[in-house]
Amino acid sequence: MSYPPPSGGWHDPSAPGQQSTPPADPTLPMGGSPIPAQPTSADPYAPANPYAGTPGGQPTADPYAAAGYPPPAYPPPAYPGYGYPAAAKTNTMAIVALVLSLVGFASCITAPIGAILGHVARKQIRETGEQGEGMAKAAIIVGWILTGLLVLLIAFYVVVIVIAVANGDTSSSRY
């Protein structure tokens, strides 16, 4: 079975025979005029000669010295130890005060000691400029709160014992 040839001058490219017009160039724009090439002085992808400009086109003894490296007067680092500033020292008494205040949750005796050491640590921090102000303040707050709760607990026990003794049953001594 064969199909009739299309009308309108279109020729099937798969059909045998000579085509009436050559195929369109895909690099041309739709108007048919060629695209102008961009002006370039050299191929941008061509490898560059790294020794161009040296005497005879040969490498020098030290390529870094020819490029001006290292700079003649390189300044020393501002701080010792790879250029990083030294970390400020944390006050040891502030650390001990915070630990003792927190241990006061289990052992109520250490809470007031931690609070007092926190006051001493804050004074030392003001005088020396060390780090640890926040730890000392936390030790003071936690230590005095736990000390206050300890005092309230002891007062509650004393009141309960006094009430128990005052209302004690003396009738058990009848025998």
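**Exercise 1.** List residues through which α3 meets α4 in this predicted model.

*Solution.* On the α3 side, the residues in contact (heavy atoms within 4.5 Å) include Ala111, Gly114, Ala115, Gly118, Ala121, Arg122 and Ile125. On the α4 side, they include Glu133, Ala136, Ala139, Ile140, Gly143, Trp144 and Thr147. Helices here are DSSP runs of H or I with at least four residues, and strands are runs of E with at least two, numbered from the N terminus.

The model is predicted: local features need pLDDT of at least 70, side-chain atom pairs count only at pLDDT 80 or more, and totals for chains, interfaces and linings use all residues. Residues are numbered from 1 along each chain as its sequence is written, and side-chain values use heavy atoms, with hydrogens and water left out.

**Exercise 2.** State how α3 and α4 are oriented to each other.

*Solution.* Start with the angle, which is about 150 degrees, and the axes, which are 7 Å apart. Axes are lines fitted to C-alpha atoms, for helices over the stretch in contact, and angles run from 0 to 180 degrees between N-to-C directions. Angles over 145 degrees count as roughly antiparallel, so α3 and α4 are roughly antiparallel.

**Exercise 3.** Which residues of α4 are buried, and which helices help cover them?

*Solution.* Buried (under 20% relative accessible area, 1.4 Å probe, protein chains only) are Ala136, Ala139, Ile140, Gly143, Leu146, Thr147 and Leu150. Their cover includes α2 (92–103) and α3 (110–128). Over the chain, 12% of the 175 residues count as buried.

Key
Buried < 20%, exposed > 50% of the residue type's maximum accessible area, 1.4 Å probe, protein only. Parallel < 35°, antiparallel > 145°, perpendicular 65-115°, else oblique.
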